[in-house]
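I am opening a fresh notebook page for a structure I have not looked at before. My plan is to begin with the annotation and then go through the strands and the ligand.

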Amino acid sequence: MPDQHYYTVVFPFSTDRKRVLLGLKKRGMGEGLWNGFGGKPEPGETMDQCAIRELQEESSLTATAMDRVAVLIMRLESGPERVIFVYTVTGFSGDVCESDEMRPRWFDLENLPYSQAYTEARIWWPYMLAGRTFVADFTFNDDSIVRQECREVQQQDLDTYLP
Ligand SMILES: COc1nc(N)nc2c1ncn2[C@H]1C[C@H](O)[C@@H](COP(=O)(O)OP(=O)(O)OP(=O)(O)O)O1
């Protein structure tokens, strides 16, 4: 079994579901790219707890309605495999604020910044935006995707990927 590192990534939607809140990563992994809000779980924390905490720390929003919608598996040429749990948030409280790590901005769903996001976002964001539950599995060689699979699953199937 390869070494695996676990992450969350969280995407808040506007009430009318026409806009999504993304954050421009200001430092570290994915710097300069638009993505959802997230990170690594702290010791003893569940992935759901991690998702809520990371969203709060990075955007100041508190999730009140959140769904686990996908698992992304990133098989990199070197380094540990990344297993990323994706969440959508359809209810929240608080006001959006910039943090040390993320500069948040609402985007219309028809105008997403794919040219300034992770390469594979073009493949799996449409699944998420369509409200699907899925597992996306990517193999990279350098920064290129050499194998990809995106398949719809049942909600409970996502649990099998939990650490
Ligand atoms: C190709 O790989 C990735 N694609 C996408 N779309 N998102 C990714 C990929 N690899 C990582 N991510 C996401 C997962 C997390 O949301 C962040 C990375 O989290 P970070 O390293 O910043 O975690 P923190 O716990 O916040 O880290 P520090 O507090 O130590 O800065 O990117």
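Entry one, the annotation. I looked up the UniProt record, an unreviewed entry, and found that its annotation "domain: Nudix hydrolase" covers residues 3-132. I keep in mind that the model in front of me is predicted. For residues 3-132 I noted that the end C-alpha atoms lie 28 Å apart, and that the span is 17% helix and 40% strand.

Entry two, the open sheet. I followed an open sheet of 3 strands and wrote down the order S3-S2-S6, with antiparallel pairing. Strand S3 (34-35) and strand S6 (102-108) stand at the edges with a single partner strand each, so one side of each is left without a neighbour in the sheet. I then went through the pairings, beginning with strand S2 (residues 19-25) and S6, which run antiparallel and are joined by 7 bridges. In that pairing I found Val20 opposite Phe107 in S6, and Leu22 opposite Arg105 in S6. On the other pairing, S2 and S3 are antiparallel as well and are linked over 2 bridges, where Leu24 has Trp34 in S3 as its bridge partner. As a reminder to myself, side chains in a regular strand alternate between the two faces of the sheet.

Entry three, the hairpin. I turned next to strand S7 (residues 134-141), which pairs with S8 in the antiparallel sense over 8 bridges. Within this pairing, Phe140 has Ile145 in S8 as its bridge partner. The hairpin of S7 and S8 has 2 residues between the strands, and I noted that Asp142 takes a positive phi near 55° there. Why does strand S8 lie largely in the open? I checked burial along strand S8 (residues 144-152) and found that, of its 9 residues, the number buried is 0, so the strand lies largely in the open. For this step I counted a residue as buried if 20 or more other C-beta atoms lie within 10 Å of its own.

Entry four, the ligand. Which residues are the closest to the ligand? I listed 15 residues that surround the ligand, and the closest are Tyr7, Gly38, Gly39, Lys40 and Tyr118. Sorting the shell around the ligand by class, I obtained 7 nonpolar, 5 polar and 3 charged residues. I also asked which strands contribute to this shell, and I recorded that strand S1 (4-12) and strand S5 (81-93) each supply at least two of its residues.

Technical notes
Residues numbered from 1 in each chain as written. Predicted model: local features only at pLDDT ≥ 70, side-chain atom pairs only at ≥ 80, totals over all residues. UniProt positions renumbered as here; feature names shortened; annotations may be inferred. Helix = DSSP H or I, 4+ residues; strand = E, 2+ residues; numbered from the N terminus. Buried ≥ 20, exposed ≤ 12 C-beta atoms within 10 Å, placed from the backbone. Pairing = 2+ DSSP bridges. Near = placed C-beta within 6 Å. Nonpolar A, V, L, I, M, F, W, Y, C, P; charged D, E, K, R; others polar.
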